[in-house]
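Dear colleague,

I am passing on the structure that we talked about, and below it you will find my notes on what turned up in it. Please keep the structure open beside the text as you read.

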Amino acid sequence: MERKTAAVIFGGQSSEHEVSCMSAANVIDRINKEKYDLLLIGITMDGHWIKTDSVDDIRSGEWRNGKVSAAILPDATKKCVILMDEDKVTEVKLDLVFPVLHGLHGEDGTIQGLITMAGIPLAGCGILASALCMDKDRAHLVAEAAGVRVPKAMVLTQGDDRKMAVDFALKIGYPVYVKPVKAGSSYGVTKVEKPVELQSAIIKAFQYDDEVIIEENIDGFEVGCAVLGNCNLITGEVDEIQLSGGFFDFTEKYTLKTSEIHVPARIELRKMQEIKQTAETIYRALGCRGFARVDMFLTPDGEIVFNEVNTIPGFTEHSRYPGMMKAAGLEFPEILERIIRLAME
(Lines give C-alpha, C1' and ligand atoms only; values in the text may rest on other atoms or scores of the structure.)
Protein backbone atom coordinates (compact mmCIF):
# COMPACT_ATOMS: atom_id res chain seq x y z
CA MET A 1 0.00 0.00 0.00
CA GLU A 2 1.28 3.46 -0.93
CA ARG A 3 2.12 5.56 2.13
CA LYS A 4 -0.12 8.55 2.77
CA THR A 5 0.85 11.93 4.18
CA ALA A 6 -1.41 13.19 6.94
CA ALA A 7 -1.23 16.54 8.71
CA VAL A 8 -2.23 16.56 12.38
CA ILE A 9 -3.19 20.07 13.48
CA PHE A 10 -3.35 20.95 17.18
CA GLY A 11 -3.28 23.82 19.67
CA GLY A 12 -5.37 26.69 18.38
CA GLN A 13 -6.67 29.99 19.69
CA SER A 14 -9.37 28.65 21.98
CA SER A 15 -9.49 28.26 25.74
CA GLU A 16 -8.98 24.53 25.12
CA HIS A 17 -5.51 25.02 23.62
CA GLU A 18 -3.64 22.91 26.19
CA VAL A 19 -6.18 20.09 26.05
CA SER A 20 -5.80 20.03 22.27
CA CYS A 21 -2.04 19.59 22.63
CA MET A 22 -2.53 16.68 25.04
CA SER A 23 -5.08 15.04 22.73
CA ALA A 24 -2.87 15.47 19.66
CA ALA A 25 0.15 13.92 21.36
CA ASN A 26 -1.89 10.81 22.13
CA VAL A 27 -3.25 10.65 18.58
CA ILE A 28 0.23 11.04 17.07
CA ASP A 29 1.65 8.32 19.31
CA ARG A 30 -0.99 5.83 18.19
CA ILE A 31 -1.34 6.45 14.45
CA ASN A 32 0.23 3.66 12.39
CA LYS A 33 3.60 5.13 11.30
CA GLU A 34 4.14 2.25 8.86
CA LYS A 35 1.20 3.50 6.78
CA TYR A 36 1.27 7.26 7.32
CA ASP A 37 3.88 9.99 7.17
CA LEU A 38 2.81 12.62 9.69
CA LEU A 39 3.23 16.36 9.39
CA LEU A 40 2.74 17.95 12.81
CA ILE A 41 1.41 21.51 12.82
CA GLY A 42 0.67 23.49 15.95
CA ILE A 43 -1.26 26.75 16.13
CA THR A 44 -0.21 29.13 18.88
CA MET A 45 -2.66 31.13 20.97
CA ASP A 46 -1.99 34.19 18.80
CA GLY A 47 -2.67 32.22 15.62
CA HIS A 48 0.82 31.43 14.32
CA TRP A 49 1.13 28.05 12.52
CA ILE A 50 4.35 26.18 13.32
CA LYS A 51 5.71 22.86 12.09
CA THR A 52 7.24 20.57 14.69
CA ASP A 53 8.92 17.18 14.39
CA SER A 54 8.61 15.93 17.95
CA VAL A 55 5.68 14.68 19.99
CA ASP A 56 7.84 15.29 23.06
CA ASP A 57 7.99 18.98 22.10
CA ILE A 58 4.20 19.01 21.90
CA ARG A 59 3.93 17.64 25.43
CA SER A 60 6.53 20.05 26.82
CA GLY A 61 5.29 23.08 24.87
CA GLU A 62 8.68 23.53 23.20
CA TRP A 63 7.02 23.31 19.76
CA ARG A 64 5.98 26.97 20.15
CA ASN A 65 9.65 27.95 19.67
CA GLY A 66 9.85 26.25 16.27
CA LYS A 67 11.33 28.21 13.37
CA VAL A 68 9.38 26.69 10.46
CA SER A 69 6.05 28.39 9.74
CA ALA A 70 3.26 26.48 8.03
CA ALA A 71 0.03 27.22 6.17
CA ILE A 72 -2.53 25.15 4.30
CA LEU A 73 -2.85 26.55 0.81
CA PRO A 74 -6.54 27.00 -0.08
CA ASP A 75 -5.77 26.29 -3.76
CA ALA A 76 -7.59 23.00 -4.43
CA THR A 77 -5.30 22.20 -7.37
CA LYS A 78 -2.33 22.05 -4.99
CA LYS A 79 -3.72 20.07 -2.02
CA CYS A 80 -0.74 20.98 0.06
CA VAL A 81 0.72 22.74 3.04
CA ILE A 82 3.49 25.24 2.51
CA LEU A 83 6.44 25.34 4.92
CA MET A 84 8.44 28.54 5.33
CA ASP A 85 11.93 28.33 6.83
CA GLU A 86 13.58 31.77 6.56
CA ASP A 87 13.91 32.28 2.76
CA LYS A 88 13.07 28.68 1.84
CA VAL A 89 9.50 27.75 0.90
CA THR A 90 8.51 24.09 0.44
CA GLU A 91 5.21 22.58 -0.69
CA VAL A 92 4.19 19.27 0.93
CA LYS A 93 1.34 17.34 -0.70
CA LEU A 94 -1.30 16.13 1.73
CA ASP A 95 -3.59 13.13 1.49
CA LEU A 96 -5.46 13.94 4.68
CA VAL A 97 -5.83 16.53 7.44
CA PHE A 98 -6.70 15.33 10.94
CA PRO A 99 -7.59 18.38 13.06
CA VAL A 100 -7.29 17.74 16.79
CA LEU A 101 -8.45 21.25 17.62
CA HIS A 102 -11.01 21.71 20.37
CA GLY A 103 -13.29 24.73 20.64
CA LEU A 104 -13.01 28.02 18.77
CA HIS A 105 -11.77 27.71 15.15
CA GLY A 106 -11.39 23.94 15.67
CA GLU A 107 -14.87 22.52 16.17
CA ASP A 108 -16.94 25.39 14.80
CA GLY A 109 -16.48 24.76 11.07
CA THR A 110 -13.65 27.26 10.62
CA ILE A 111 -10.72 24.90 10.06
CA GLN A 112 -13.08 22.52 8.25
CA GLY A 113 -13.88 25.26 5.73
CA LEU A 114 -10.21 25.88 4.99
CA ILE A 115 -9.47 22.17 4.54
CA THR A 116 -12.54 21.73 2.32
CA MET A 117 -11.53 24.70 0.15
CA ALA A 118 -8.08 23.13 -0.20
CA GLY A 119 -9.69 19.96 -1.55
CA ILE A 120 -7.99 17.76 1.05
CA PRO A 121 -9.84 14.87 2.75
CA LEU A 122 -10.88 15.82 6.27
CA ALA A 123 -11.00 13.54 9.31
CA GLY A 124 -14.21 14.10 11.22
CA CYS A 125 -17.27 16.28 10.78
CA GLY A 126 -17.58 18.81 7.99
CA ILE A 127 -18.39 22.51 8.00
CA LEU A 128 -22.12 22.52 8.71
CA ALA A 129 -22.18 19.74 11.31
CA SER A 130 -19.22 21.27 13.14
CA ALA A 131 -20.83 24.70 13.26
CA LEU A 132 -24.20 23.33 14.34
CA CYS A 133 -22.83 21.08 17.07
CA MET A 134 -20.69 23.89 18.49
CA ASP A 135 -23.82 26.03 18.88
CA LYS A 136 -25.77 24.64 21.85
CA ASP A 137 -28.94 26.54 21.01
CA ARG A 138 -29.19 25.63 17.34
CA ALA A 139 -28.09 22.03 17.94
CA HIS A 140 -30.96 21.71 20.39
CA LEU A 141 -33.43 23.08 17.84
CA VAL A 142 -32.35 20.47 15.29
CA ALA A 143 -32.38 17.61 17.80
CA GLU A 144 -35.83 18.61 19.02
CA ALA A 145 -37.09 18.65 15.44
CA ALA A 146 -35.78 15.07 15.16
CA GLY A 147 -37.95 14.04 18.09
CA VAL A 148 -35.41 14.17 20.93
CA ARG A 149 -36.24 15.95 24.18
CA VAL A 150 -33.99 18.95 24.98
CA PRO A 151 -33.76 21.15 28.10
CA LYS A 152 -35.95 24.25 28.35
CA ALA A 153 -33.68 27.17 27.52
CA MET A 154 -33.42 30.80 26.44
CA VAL A 155 -30.59 32.73 24.78
CA LEU A 156 -29.25 36.17 25.67
CA THR A 157 -27.15 38.38 23.42
CA GLN A 158 -25.05 41.27 24.68
CA GLY A 159 -27.73 43.88 24.03
CA ASP A 160 -30.65 42.00 25.58
CA ASP A 161 -32.37 43.04 28.79
CA ARG A 162 -30.93 40.79 31.53
CA LYS A 163 -34.29 40.86 33.29
CA MET A 164 -35.50 38.35 30.68
CA ALA A 165 -33.06 35.84 32.15
CA VAL A 166 -34.28 36.59 35.68
CA ASP A 167 -37.90 36.02 34.65
CA PHE A 168 -37.05 32.85 32.74
CA ALA A 169 -35.06 31.34 35.61
CA LEU A 170 -37.90 32.03 38.04
CA LYS A 171 -40.35 30.45 35.60
CA ILE A 172 -38.44 27.16 35.14
CA GLY A 173 -37.08 27.09 38.70
CA TYR A 174 -33.62 26.95 40.22
CA PRO A 175 -31.02 25.60 39.84
CA VAL A 176 -30.31 26.64 36.26
CA TYR A 177 -27.20 26.36 34.12
CA VAL A 178 -25.67 29.40 32.45
CA LYS A 179 -23.36 28.61 29.53
CA PRO A 180 -21.67 30.26 26.58
CA VAL A 181 -23.59 29.15 23.49
CA LYS A 182 -20.36 28.27 21.66
CA ALA A 183 -17.61 26.94 23.94
CA GLY A 184 -16.30 23.58 25.10
CA SER A 185 -14.75 21.80 28.09
CA SER A 186 -17.30 23.54 30.37
CA TYR A 187 -15.47 26.87 30.15
CA GLY A 188 -17.70 29.70 31.37
CA VAL A 189 -20.38 27.31 32.68
CA THR A 190 -22.00 27.96 36.05
CA LYS A 191 -24.63 26.05 37.99
CA VAL A 192 -26.75 28.81 39.52
CA GLU A 193 -28.50 27.78 42.72
CA LYS A 194 -30.27 31.04 43.59
CA PRO A 195 -31.30 34.33 41.94
CA VAL A 196 -28.51 36.41 43.49
CA GLU A 197 -25.92 34.35 41.59
CA LEU A 198 -27.48 34.72 38.14
CA GLN A 199 -25.99 38.01 36.91
CA SER A 200 -22.40 37.10 37.80
CA ALA A 201 -22.83 33.79 35.98
CA ILE A 202 -24.08 35.61 32.87
CA ILE A 203 -21.11 38.00 32.97
CA LYS A 204 -18.75 35.02 33.26
CA ALA A 205 -20.34 33.23 30.29
CA PHE A 206 -20.14 36.35 28.12
CA GLN A 207 -16.36 36.27 28.56
CA TYR A 208 -16.33 33.21 26.25
CA ASP A 209 -19.01 34.03 23.67
CA ASP A 210 -21.34 36.79 22.51
CA GLU A 211 -24.38 34.60 23.21
CA VAL A 212 -25.31 32.99 26.52
CA ILE A 213 -27.82 30.20 27.09
CA ILE A 214 -29.78 29.67 30.31
CA GLU A 215 -30.93 26.06 30.66
CA GLU A 216 -33.12 24.17 33.06
CA ASN A 217 -31.47 21.67 35.36
CA ILE A 218 -32.16 18.08 34.34
CA ASP A 219 -32.48 15.69 37.26
CA GLY A 220 -30.59 12.45 36.82
CA PHE A 221 -27.08 11.88 35.50
CA GLU A 222 -25.07 12.37 32.33
CA VAL A 223 -24.51 9.55 29.86
CA GLY A 224 -22.50 9.60 26.67
CA CYS A 225 -22.22 7.59 23.49
CA ALA A 226 -19.25 7.51 21.12
CA VAL A 227 -20.30 7.27 17.47
CA LEU A 228 -18.05 6.30 14.55
CA GLY A 229 -19.01 6.26 10.89
CA ASN A 230 -20.42 8.08 7.88
CA CYS A 231 -23.42 6.06 6.71
CA ASN A 232 -23.02 2.82 8.65
CA LEU A 233 -22.56 3.75 12.28
CA ILE A 234 -20.73 2.01 15.13
CA THR A 235 -21.50 3.02 18.70
CA GLY A 236 -19.24 2.54 21.68
CA GLU A 237 -20.51 1.36 25.03
CA VAL A 238 -22.58 3.96 26.84
CA ASP A 239 -20.74 5.60 29.73
CA GLU A 240 -22.07 7.19 32.92
CA ILE A 241 -20.62 10.08 34.89
CA GLN A 242 -20.84 9.68 38.64
CA LEU A 243 -20.38 13.01 40.42
CA SER A 244 -19.65 13.61 44.08
CA GLY A 245 -21.21 17.07 43.74
CA GLY A 246 -21.51 20.06 41.42
CA PHE A 247 -21.22 19.31 37.71
CA PHE A 248 -18.72 17.83 35.25
CA ASP A 249 -16.57 20.95 34.90
CA PHE A 250 -13.14 21.43 33.27
CA THR A 251 -11.18 20.15 36.27
CA GLU A 252 -13.25 16.99 36.61
CA LYS A 253 -13.18 16.28 32.86
CA TYR A 254 -9.40 16.20 32.74
CA THR A 255 -8.40 15.00 36.22
CA LEU A 256 -11.38 12.99 37.57
CA LYS A 257 -10.41 14.19 41.06
CA THR A 258 -13.78 13.55 42.68
CA SER A 259 -15.85 12.03 39.88
CA GLU A 260 -15.87 8.63 38.26
CA ILE A 261 -16.77 7.38 34.79
CA HIS A 262 -18.43 3.99 34.52
CA VAL A 263 -18.09 2.16 31.20
CA PRO A 264 -20.48 0.49 30.51
CA ALA A 265 -23.03 2.61 32.33
CA ARG A 266 -24.80 0.97 35.27
CA ILE A 267 -28.18 0.83 33.53
CA GLU A 268 -30.31 -1.93 32.09
CA LEU A 269 -29.58 -3.23 28.61
CA ARG A 270 -32.87 -2.04 27.10
CA LYS A 271 -32.20 1.54 28.19
CA MET A 272 -28.60 1.25 26.97
CA GLN A 273 -29.86 0.37 23.50
CA GLU A 274 -32.30 3.27 23.56
CA ILE A 275 -29.49 5.68 24.42
CA LYS A 276 -27.39 4.35 21.54
CA GLN A 277 -30.31 4.72 19.12
CA THR A 278 -30.94 8.28 20.36
CA ALA A 279 -27.25 9.11 19.87
CA GLU A 280 -27.43 7.85 16.29
CA THR A 281 -30.59 9.91 15.67
CA ILE A 282 -28.86 13.07 16.92
CA TYR A 283 -25.64 12.29 15.00
CA ARG A 284 -27.54 11.90 11.73
CA ALA A 285 -29.88 14.87 12.32
CA LEU A 286 -26.90 17.19 12.83
CA GLY A 287 -25.11 15.83 9.75
CA CYS A 288 -22.13 14.35 11.60
CA ARG A 289 -19.62 12.10 9.88
CA GLY A 290 -16.37 10.44 10.85
CA PHE A 291 -16.69 10.51 14.61
CA ALA A 292 -18.29 12.42 17.48
CA ARG A 293 -19.39 11.98 21.08
CA VAL A 294 -23.06 12.54 21.88
CA ASP A 295 -23.79 13.60 25.48
CA MET A 296 -27.22 13.14 27.04
CA PHE A 297 -28.94 13.05 30.42
CA LEU A 298 -30.91 10.12 31.81
CA THR A 299 -33.65 11.22 34.19
CA PRO A 300 -34.92 9.20 37.19
CA ASP A 301 -38.01 8.41 35.08
CA GLY A 302 -35.82 6.92 32.34
CA GLU A 303 -36.25 9.80 29.89
CA ILE A 304 -33.30 10.66 27.61
CA VAL A 305 -32.55 14.38 27.22
CA PHE A 306 -30.01 15.76 24.74
CA ASN A 307 -27.12 17.80 26.09
CA GLU A 308 -24.52 18.39 23.36
CA VAL A 309 -22.32 16.84 20.66
CA ASN A 310 -18.53 17.08 20.70
CA THR A 311 -17.33 16.77 17.11
CA ILE A 312 -13.65 16.59 18.15
CA PRO A 313 -13.85 14.93 21.56
CA GLY A 314 -10.81 14.70 23.78
CA PHE A 315 -8.21 12.02 23.22
CA THR A 316 -6.36 12.47 26.53
CA GLU A 317 -5.73 9.65 29.01
CA HIS A 318 -8.98 10.48 30.82
CA SER A 319 -11.06 11.06 27.68
CA ARG A 320 -14.38 9.36 27.29
CA TYR A 321 -14.49 8.69 23.54
CA PRO A 322 -11.60 6.20 23.37
CA GLY A 323 -12.79 4.66 26.64
CA MET A 324 -16.26 3.96 25.26
CA MET A 325 -14.89 2.53 22.03
CA LYS A 326 -12.40 0.35 23.92
CA ALA A 327 -15.27 -1.09 25.95
CA ALA A 328 -16.94 -1.97 22.64
CA GLY A 329 -13.80 -3.79 21.45
CA LEU A 330 -11.98 -1.08 19.48
CA GLU A 331 -8.49 -0.12 20.67
CA PHE A 332 -7.15 3.40 20.10
CA PRO A 333 -4.98 2.63 17.02
CA GLU A 334 -7.93 0.89 15.32
CA ILE A 335 -10.23 3.84 16.08
CA LEU A 336 -7.76 6.21 14.42
CA GLU A 337 -7.32 3.92 11.42
CA ARG A 338 -11.08 3.79 10.91
CA ILE A 339 -11.39 7.59 11.25
CA ILE A 340 -8.73 8.01 8.58
CA ARG A 341 -10.38 5.49 6.25
CA LEU A 342 -13.73 7.22 6.67
CA ALA A 343 -12.11 10.52 5.72
CA MET A 344 -10.69 8.98 2.55
CA GLU A 345 -14.06 7.59 1.39
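**Two helices in contact, and what lies around them**

A good place to begin is the contact between two helices, where L132, C133 and M134 in α4 meet K136, R138, A139 and V142 in α5. Sorted by character, the residues of this contact are 5 nonpolar and 2 charged, with no polar ones. Please bear in mind throughout that this is a predicted model.

When two helices pack together, the pair is described by the angle between their axes and by the distance between those axes. Here the axes of α4 (residues 127-134) and α5 (residues 136-145) come within 5 Å and cross at roughly 105 degrees. An angle from 65 to 115 degrees counts as roughly perpendicular, and α4 and α5 are therefore roughly perpendicular to each other.

Staying with α5, which of its residues are buried? They are K136, A139, H140 and A143, and because they cover an arc of only 100 degrees around the axis, they lie on the same side of α5. On the other side of this helix, L141 and A145 are exposed. The buried residues of α5 pack against α4, β9, β11 and β17, the last of these being residues 304-310.

Helix α7 (residues 198-206) can be read in a similar way, with L198, A201, I202, A205 and F206 as its buried residues. Seen down the axis of α7, these residues fall within an arc of 135 degrees, so they line one face of the helix. Among the elements that cover them are β8 (153-157), α6 (163-172), β9 (176-180), β10 (190-192) and β11 (211-216).

Turning to the interior, the largest nonpolar core has 34 residues, and those with the most contacts inside it are V8, V27, I58, F98, L228, Y321 and I339. Several elements each supply at least two residues of this core, including β1 (4-11), α1 (17-30), β12 (221-229) and α10 (320-327), while α11 gives the most, with 7 residues. If you would like one residue to look at closely, I58 touches F10, C21, A25, I28, L40, T52 and W63, leaving aside residues up to four places away in sequence.

There is also a second, separate core of 29 residues, which includes L132, V150, A265 and M296. You have already met L132 above, as one of the α4 residues that meet α5.

With best wishes

Key:
Residues numbered from 1 in each chain as written. Predicted model: local features only at pLDDT ≥ 70, side-chain atom pairs only at ≥ 80, totals over all residues. Heavy atoms only, no water. Buried < 20%, exposed > 50% of the residue type's maximum accessible area, 1.4 Å probe, protein only. Helix = DSSP H or I, 4+ residues; strand = E, 2+ residues; numbered from the N terminus. Arc of directions from axis to C-beta. Contact = heavy atoms within 4.5 Å. Axes fitted to C-alpha atoms, helices over the stretch in contact; angles between N-to-C directions. Parallel < 35°, antiparallel > 145°, perpendicular 65-115°, else oblique. Nonpolar A, V, L, I, M, F, W, Y, C, P; charged D, E, K, R; others polar. Core = buried A, V, L, I, M, F, W, Y, C linked by side-chain atoms within 4.5 Å.
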